[in-house]
Amino acid sequence: MPRIIFITHNGSEHVVDAPCGRTVMQAAVDSLVPGILGQCSGDCTCGTCHCYLDGDWPTRVAPPSDDERAMLEFTPGVHENSRLSCQLPVSEQLDGIVLRLPESQL
């Protein structure tokens, strides 16, 4: 199982072994990672699973879809490396990915 590392805004690290076929958001919610709300259950309609891809990860994953880009426009605290974790499918290629979480999802 790929290992995903979530770092909260205060620096707390949460390591999750995520099953392939789920999304990063689902893995976080299933593992009770604080800072990922996932209020729309992964439908890309709320932005409460916003995260920042660390290091060179933005170039190592598929770019955001038009729907994800549109949702990010309404999400507070967006940066170039922002993504919605509900739009990141877990695969072996994500093993070791580091995601930083914003101070607030609302």
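I began with Glu68 in this predicted model, and, setting aside its neighbours within four places in sequence, I found Glu68 in contact with Cys44, Arg83, Leu84 and Gln87. One of these partners is also joined through side chains, since the listing gives a polar contact of 2.8 Å between the side chain of Glu68 and the side chain of Arg83. I then looked up where Glu68 sits, and noted that it belongs to helix α3. Its relative accessible area is 1%, and because buried means under 20%, I entered Glu68 as buried.

Next I turned to the largest nonpolar core, which has 26 residues, and wrote down Ile4, Phe6, Val24, Ile97 and Leu99 as those with the most contacts inside it. At least two residues of this core come from each of β1 (3-7), α1 (24-30), β3 (50-53) and α3 (66-72), while α1 gives the largest share, four residues. I kept a general remark beside this entry: in soluble globular proteins, nonpolar side chains tend to be buried together.

I followed Ile4 further and, again leaving aside neighbours within four places in sequence, listed its contacts as His14, Val15, Val16, Ala18, Val24, Val90, Ile97 and Leu99.

Last, I looked up the largest pocket, whose volume is about 170 Å³. Its lining is made up of 14 residues, and those nearest the centre of the pocket are Val61, Ala62, Leu88, Pro89 and Leu94. Sorting the lining by class, I recorded seven nonpolar, four polar and three charged residues.

Definitions and conventions:
Residues numbered from 1 in each chain as written. Predicted model: local features only at pLDDT ≥ 70, side-chain atom pairs only at ≥ 80, totals over all residues. Heavy atoms only, no water. 1 Å grid on protein atoms, 1.4 Å probe; cavity = no way out; pocket = protein on both sides within 12 Å on 5 of 7 lines; lining within 4 Å. Points joined across faces, edges and corners; volume = space filled by probe spheres on them. Nonpolar A, V, L, I, M, F, W, Y, C, P; charged D, E, K, R; others polar. Core = buried A, V, L, I, M, F, W, Y, C linked by side-chain atoms within 4.5 Å. Buried < 20%, exposed > 50% of the residue type's maximum accessible area, 1.4 Å probe, protein only. Contact = heavy atoms within 4.5 Å. Polar contact = N/O pair within 3.5 Å; in protein donor to acceptor, adjacent residues only side chain to side chain.
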